[in-house]
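Visitor: I am new to reading protein structures. Could you show me one and explain how the terms are earned?

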Amino acid sequence: QSFKSVGAVYDFFMCDVYTSIANGLKTRKDWEKIQQTANEIDIRAEYLNEVIGEVENAYFPLELVSDCQSIRNAFRPTRDSDISKGKAPKNKDKKSNEYRVIGVDFAFASTTGAEDNDNTVIECVSGVYYDGEIIRHLDYCETLAGSKSEQTLKRIRELAEDYQADFIVLDGRSGGETYMTNLSKLYEHPTRNSAKWDKHGYTTLLDMSLQFCTEAKINEIYGRKIDPDAKQMIIPVIANIDFNSNMWISLHQAMQSGKIKMLIDSSKMEFERAESKDWLQLSSEERMFEKLPYVQTELMVVEAINLRQEIRDGRIKLTEPRTGTKDRIVVLAYVNMFFDKLEEKLNRQNNRDVDGEWEDESLASLLWL
C-alpha cells in the first residue's frame, strides 16, 4: 500500500537500492543499516541488482569453485588492539611439512574510471607437503587502496611476520620492482615490540629452480637490495601470454584434483558460530573483522566464475566483465604456480634421498633459507 505507482513497484523489484530511495521506498538510514548487517555478496546481488552467477562459457564453473570452499577457520593477523591487550590471535601452529606464502598483486593510483584507486590484493596461502603433493590452503585475503604504497609495504611485512611466511610471490611488473627495492630495506615497526620484530628486509630467492624469471633478472633485483642481510624470500612474477595460459590451466587442474582449499562463505561461517559464546560477546566491529577474509573469498569466487575463456593460438585467455575484476583469483593462480614448482623440487629431493645422494643436506639449505 506504500507503493506510489506501478513504476515504483517495478523499481522496487527490478532496480537497485538507490532507485528505491529516490522513490521513497527506502531511506538512507535503511541503506546504512543494510551496509552494516549484510555481507558484500548479498549487497551486490540483492540491493545493487548485480547479476552474481557464472557467465556462459565460464572457465571456472560455480560448482568447481564452491567445492573448494571447505576451510572453516581463517588466519587472523595481529591487530593494534591485540598488541595493546598483550595477547596474540589464536592461529594453527605451523607444521614441519608446511610452507607459507604471501601472494601480492600490486595496484597503483588510477587516473581513469569512476574510482580514484585500484586495489592491491594480499593473500596468505599455506601448502602442506604429503605423499608427493602439496595441498594449498587459502587462509586469508585482504585488499588495500592502490595509491597507499607505504601502507602496502608495511602491511606485507606485518602479514609475512604474523603468518611466518617462507616466501613472497608478487607481481614484478612496472612499479613492482620499486616495491621490491623498498621491501629490501631495514624496517623498524612503529608499534610492535622491537625485540620481537624482525627488522630485516626481503629480497629475491637465489634458488633458480623456484623462480619464474631469468637468472639475470633475479640477480639484478638481488643486487639492488638495501639491507645486506635481507632475507631471500621474494619470487617475482613477470607474466606473458604463455605464463598466463599455463597458470590458468594449473589452477583449474588443482581445483579439480582437490589441491585447492578455500574459506567457506561468510553466511555459513556466521551461522555456524551464531550460538557460540565467544561470537556473541564480540562487538559489531570485531565481527566484521572476523568476517572479512570470508567475504573476500566470496568476492574471489565471483571473480572466478565470471571469467570468460577464449582460445588464441592454442593458449587460454581469460577475460573479466567490463565492470569486473580478477585480482584476487590472479594472486591465487600465481601462488598455485609457485607451489607446483616447490612440489616438483621436493619430489626430486625425495627421489634423490632414496638413492642416498642427499642424505646430509637439509631442506632448508636446498631452499636457500
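**How the names are earned**

Guide: Gladly! This is a predicted model. Let us begin with the hairpin of β3 and β4: two residues lie between its strands, and D131 has a positive phi near 55 degrees.

Visitor: How do you know that β3 and β4 pair, and which way do they run?

Guide: Pairing needs at least two bridges between the strands. Here 12 bridges join β3 to β4, and the two run antiparallel. One example is G127, whose bridge partner in β4 is R136.

Visitor: What makes β4 and β8 a pair?

Guide: The cut-off is at least two bridges, and two bridges join β4 to β8 (residues 260-263), so they count as a pair; these strands run parallel. R136 appears again here, standing opposite I260 in β8.

Visitor: How do you know that the span of helix α7 agrees with what is expected?

Guide: Helix α7 covers residues 149-162, which is 14 residues, and at 1.5 Å a residue it should span 20 Å. Its end C-alpha atoms are 20 Å apart, so the two values agree. After α7 comes Q164, with a positive phi near 55 degrees.

Visitor: Why are some residues of α7 called buried, and what covers them?

Guide: Buried means under 20% relative accessible area. The buried residues of α7 include L153, I156, L159 and A160, and also R155, R157, E158 and D162. Among the elements that cover them are β3, β4, β5 and α8.

Visitor: And how much of the protein counts as buried?

Guide: By that under 20% cut-off, 44% of the 369 residues are buried.

Terms used. Residues are numbered from 1 along each chain as its sequence is written. This is a predicted model: local features need pLDDT of at least 70, side-chain atom pairs count only at pLDDT 80 or more; totals for chains, interfaces and linings use all residues. Side-chain values use heavy atoms; hydrogens and water are left out. Helices (H or I, at least four residues) and strands (E, at least two) are DSSP runs, numbered from the N terminus. The expected span of a helix is 1.5 Å times one less than its number of residues. Buried means under 20% relative accessible area, exposed over 50%, partly exposed in between (1.4 Å probe, protein chains only). Contact means heavy atoms within 4.5 Å.
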